[in-house]
Amino acid sequence: MVHHCVTSAPICKAEIYVFRAPVAAPIRTSFGTMHDRPALILRLEDATGAYGWGEAWCNFPVCGAEHRARLLESVLIPHVLGKTYAHPEHGLAAIVRHTEVLRLQADEPGPLSQAAACVDIALWDLAARKADKPLHVILGQAGNSSLSAYASGINHPGIAETISRARNEGYRTFKVKIGFGDTQDMQNIHDGLDALREGERLAVDANQAWDLPTALAMIEKLNASPLLWIEEPLRCDRPWDEWKRLAASSRIPLAAGENMRSRESFETALVSRAFGVIQPDLCKWGGLSECRKIAAKILAAKLRYCPHYLGGGIGLLASAHLLAAAGGDGLLEVDCNPNPLRELLAQPFPAVANGTLNLSDAPGLGVEPDLIAVKDFMTFYKECRSSSALPGSN
Ligand SMILES: [Mg+2]
């Protein structure tokens, strides 16, 4: 498959965009609130004019998008410009090597990983567009372009109304936020389950809000409930024996992964058998290059691979293509809160019907950002060009 992935010409131009879209209602989680919806996307172009799009996770802290954009502009893009990559994976590997000491010195591996993931996605999209194939075809064998999708980010007040709206948009599985205290959590779960129709399913997400005693007590109460999974009941850095103890007491599968940030942490998670669902976020760590290997290991361990995602349309489509390539019975996370950057950065946005999202067979991600429609939300733009983008100038 490598011959399909050759980028074969030097990267000569990068465009970095940050958008912040205002929202009527803040997005609340148990750990923080988003008062607008940010997105950081990147367009890489090679010397033949071929191009690809990437996106970085940048939801938190409030300056996260601009910070990661500056990391791209000042650290990563100068390293990428002028380089020719024989395979898209080579870009991420080179960036990781280039920033190894910086990660330690600056003690911010997270933002650097997110900026690197953005470059990685853009290189894969470029390679797929150049090969004139959908991204999922060059990523893997499964080639399943019809994906189960679920509506995520549902919170009080108005859980029943939000589920009803998401159902009308085509979703049949829903995920409700908890982690706001015992009484509110039981109310949210009750409201979510009560709103379901036959054949529909509900998952819940505690966003790392509980300690072990709280989680054990909640799981005892929830064990008889027909929940699809319980996400991040503990903080991601709690000892494995806590996770195993919780898993042993839970009849409901536990889920985590959006805050795992290394091959080792995913491998330890698989070996622990504490989880039924693993949720890597390819815009947060690893890009497509690392997360496709993690996805294969999750499936080989007979667990469910469900990509985590909360951001703009480019990262969402990259997540969809990786799920399509990986196969399995996982579901694509689609945030159902209003966010113009989800649809406008990924046109034409794939339709969802009867719980299924269908990817087109257009090359690469199969979508384009509508940069005219989102121009009012743009807060940062930088174009960077290679000064030596001559063929073979490695
Ligand atoms: Mg989550």
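**Group meeting: a sheet, two cis prolines and two odd phi values**

Okay, let's start with helix α5, which lies across β2 (33-46) and β3, running at about 155 degrees to β3. Quick conventions: axes are lines fitted to C-alpha atoms, for helices over the stretch in contact, and angles run from 0 to 180 degrees between N-to-C directions. Contact means that the C-beta atoms of two residues, placed from the backbone, lie within 7 Å. Helices (H or I, at least four residues) and strands (E, at least two) are DSSP runs, numbered from the N terminus.

Keep in mind that this is a predicted model: local features need pLDDT of at least 70, side-chain atom pairs count only at pLDDT 80 or more, and totals for chains, interfaces and linings use all residues. Residue numbers start from 1 along each chain as its sequence is written.

Now, the sheet under discussion. It's an open one with 4 strands, in the order β3-β2-β1-β14, and the pairing is antiparallel. At the edges sit β3 (51-56) and β14 (378-385), each pairing on one side only. On average, neighbouring strands here are turned by 20 degrees against each other, direction ignored. By pairing I mean that DSSP finds at least two bridges between two strands. Take β1 (residues 11-28): with β14 there are 7 bridges, in the antiparallel sense. If you want one to click on, Phe19 has Met378 in β14 as its bridge partner.

On to the backbone oddities. As a reminder, most residues other than glycine have a negative phi, and most peptide bonds are trans.

So which bonds are cis? One joins His156 and Pro157, with omega about -5 degrees. Pro157 lies in the loop between β4 (146-154) and α7 (159-168). Another cis bond joins Gln347 and Pro348, again with omega about -5 degrees. That Pro348 is in the loop between α14 (340-344) and β12 (352-353).

Then the positive phi values. Asp107 has phi near 55 degrees, and its place is the loop between α4 (100-106) and α5 (109-131). For Glu232, phi is near 45 degrees; this residue is found in the loop between β7 (227-231) and α10 (240-249).

Buried or exposed, then, for Glu232? Buried, because 25 other C-beta atoms lie within 10 Å. Asp107 counts as exposed because there are 8 C-beta neighbours inside 10 Å. The cut-offs: buried is 20 or more other C-beta atoms within 10 Å of a residue's own, exposed is 12 or fewer, partly exposed is in between, with C-beta atoms placed from the backbone.
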